[in-house]
Amino acid sequence: MAYIIIVLVIIIIVLMVYNILIYKRIRNFDNINQEITGLKVLQDFMNTIGNYSTVEEKIEKINEIVIEKYGIKYSTIVMFDGTEYVIKATNVQQQHWEALRNLHNQDIFKDSIQTASTKYVTVNQEGERLPYQTMEFGRAKSAMFFPLYIDNIYIGYWIIESGEPHAFDKIDTTILEVVKENIVSVYKTVSYQNTVENIARKDKFSELNSAEYIYGKGKQIIDKYETSTVCMFKIINLEEINKKYNRETGNEIITEVSSYIKESISLEYIFVRYMGPKFAIVFSGIDLQSVAEFVQDLKNNIEDIEIEEVLLKESKKKKKQYVSAKLNFVLTTYYKGTAIENVTKKLEEYLDNADKNESDINNI
């Protein structure tokens with residue numbers, strides 16, 4: 001009998017050791033899976049930066065990735081834009097947005113913002129509600145609040161919610177912290193783009209957008225296509241016209257040239273006043289050869305237009321003269337996903353370094 005008991009004890013000990021080893025392997029496997037998931041999410045984040053044009057689209061897609069990959073019921077990203085808190089992405093119904101964009105005013109989260117620490121809140125029983133809820137009981141029963149910082153500067157917060165009490169008790173907060181940092185990294189990366197999108201202005205004489213439009217809202221149209229042709233041209237005799245006649249006549253040249261081109265091209269093409277006598281056109285989805293043929297006709301037609309000199313009141317001239325624009329064009333191909341600002345810079349450098357009398361169509 002004693003022998004049987006000893007054998008049973010040994011078997012139990014072996015099974016316990018085996019179970020412990022299996023548990024450790026499962027835990028290690030889970031950790032590896034979480035690391036792989038974290039890396040996959042990071043890769044998805046990086047792909048999002050390249051595949052979507054506007055800042056809003058990128059942030060919304062990032063939020064969708066978080067919800068899908070981690071099985072989160074509700075996820076909301078709120079940013080401070082310098083004047084107010086704005087919901088950048090959420091899958092929560094709009095009736096709750098006002099409460100979500102004012103969480104920074106809730107006492108329960110103020111300490112979290114000040115200390116840059118995560119705050120976890122949950123209810124214990126049905127019928128209870130979270131401290132920040134003002135008009136709802138059933139939607140969220142637990143939440144995790146993550147303040148967001150760029151270089152120690154508070155920029156907003158990310159909050160995830162669940163309809164179940166204690167839903168995040170056993171969640172790996174390390175992974176969520178990594179996700180939070182990835183959200184911050186992506187937002188930091190696209191913040192320059194956000195600035196560019198908001199500084200594009202209309203030029204007074206041409207009524208065209210400034211160059212910044214290409215890099216912001218214009219890219220939404222351009223990046224619908226794998227390749228496009230970028231064209232830049234310079235009115236090479238604009239400075240001469242300003243000196244020989246007057247600046248008002250030069251402005252009239254700008255207006256007439258811009259008006260003619262706007263009427264000649266599709267709305268799908270991006271036409272901007274790049275800087276001074278230089279203008280840029282992005283022919284979205286059109287190959288370089290086709291554009292070169294079109295531009296040749298465009299150049300000939302514009303240079304045939306005679307514009308009447310603007311006589312100023314103090315002018316002693318009795319007879320007006322007529323002037324025409326002379327243009328120098330340069331073209332190149334833009335590939336989706338590459339830096340279009342580098343393309344326009346290359347074209348600008350070519351025009352700036354070309355012979356001042358060059359009036360041609362060049363492909364580079």
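Helices (H or I, at least four residues) and strands (E, at least two) are DSSP runs, numbered from the N terminus. The model is predicted, so local features need pLDDT of at least 70 and side-chain atom pairs count only at pLDDT 80 or more, while totals for chains, interfaces and linings use all residues. Residues are numbered from 1 along each chain as its sequence is written, and side-chain values use heavy atoms, with hydrogens and water left out.

**Exercise 1. Place Lys88 and describe its surroundings.**

Step 1. Lys88 belongs to strand S2, residues 85-90.

Step 2. Buried means under 20% relative accessible area, exposed over 50%, and partly exposed in between (1.4 Å probe, protein chains only). Lys88 has 15% relative accessibility and therefore counts as buried.

Step 3. A contact means heavy atoms within 4.5 Å. Leaving aside residues up to four places away in sequence, Lys88 touches Glu56, Ile59, Glu60, Ile77, Val78, Met79 and Tyr187.

**Exercise 2. Work out the order of the strands in the open sheet that contains S2.**

Step 1. Two strands pair if DSSP finds at least two bridges between them. The open sheet has five strands, in the order S2-S1-S5-S4-S3, with antiparallel pairing.

Step 2. S2 and strand S3 (119-122) are the edge strands, each pairing on one side only.

Step 3. Angles run from 0 to 180 degrees between N-to-C directions, and axes are lines fitted to C-alpha atoms, for helices over the stretch in contact. With direction ignored, neighbouring strands of this sheet are turned by 20° against each other on average.

Step 4. Look at one pairing inside the sheet. Strand S1 (residues 74-80) and strand S5 (residues 153-162) run antiparallel and are joined by six bridges. Val78 has Tyr157 in S5 as its bridge partner.

Step 5. Helix H4 (residues 107-115) packs on the sheet and touches S3, strand S4 (142-150) and S5. The direction of H4 makes about 35° with that of S4.

**Exercise 3. Find out why strand S9 is described as largely enclosed by the rest of the structure.**

Step 1. S9 covers residues 278-283, and six of the six residues are buried, so the strand is largely enclosed by the rest of the structure.

Step 2. In a regular strand the side chains alternate between the two faces of the sheet. From S9, Lys278, Ala280 and Val282 point one way, Phe279, Ile281 and Phe283 point the other way, and all are buried.

Step 3. Now take the partners of S9. Strand S7 (residues 227-235) pairs with S9 in the antiparallel sense over six bridges, and Lys234 has Lys278 in S9 as its bridge partner.

Step 4. Strand S8 (residues 270-275) also runs antiparallel to S9, joined by five bridges. Here Ile270 has Val282 in S9 as its bridge partner.

Step 5. The hairpin of S8 and S9 has two residues between the strands, and Gly276 takes a positive phi near 55° in this hairpin.

**Exercise 4. How many salt bridges does a search of the whole structure find, and where do some of them lie?**

Step 1. A salt bridge is a side-chain nitrogen of Lys or Arg within 4 Å of a carboxyl oxygen of Asp or Glu. The search finds ten salt bridges.

Step 2. One of them joins the side chains of Glu177 and Lys180, at 3.0 Å from N to O. Both residues lie in helix H5 (residues 173-199), three residues apart, about one turn of the helix. Lys180 is buried at 8% relative accessibility, and Glu177 is partly exposed at 27%.

Step 3. Another salt bridge is formed by Asp203 and Arg273, whose closest N and O atoms are 3.1 Å apart. This pair links distant parts of the chain, 70 residues apart: Asp203 is in the loop between H5 and strand S6 (209-210), and Arg273 is in strand S8. Arg273 counts as buried, at 14% relative accessibility.

Step 4. Lys299 and Glu303 form a further salt bridge, with the closest N and O atoms 2.7 Å apart. They are four residues apart in helix H10 (residues 288-303), and therefore separated by about one helical turn. Lys299 is buried, with a relative accessible area of 6%, and Glu303 is partly exposed at 23% relative accessibility.

Step 5. Salt bridges that share partners join Glu177, Lys180 and Glu181 into one network.
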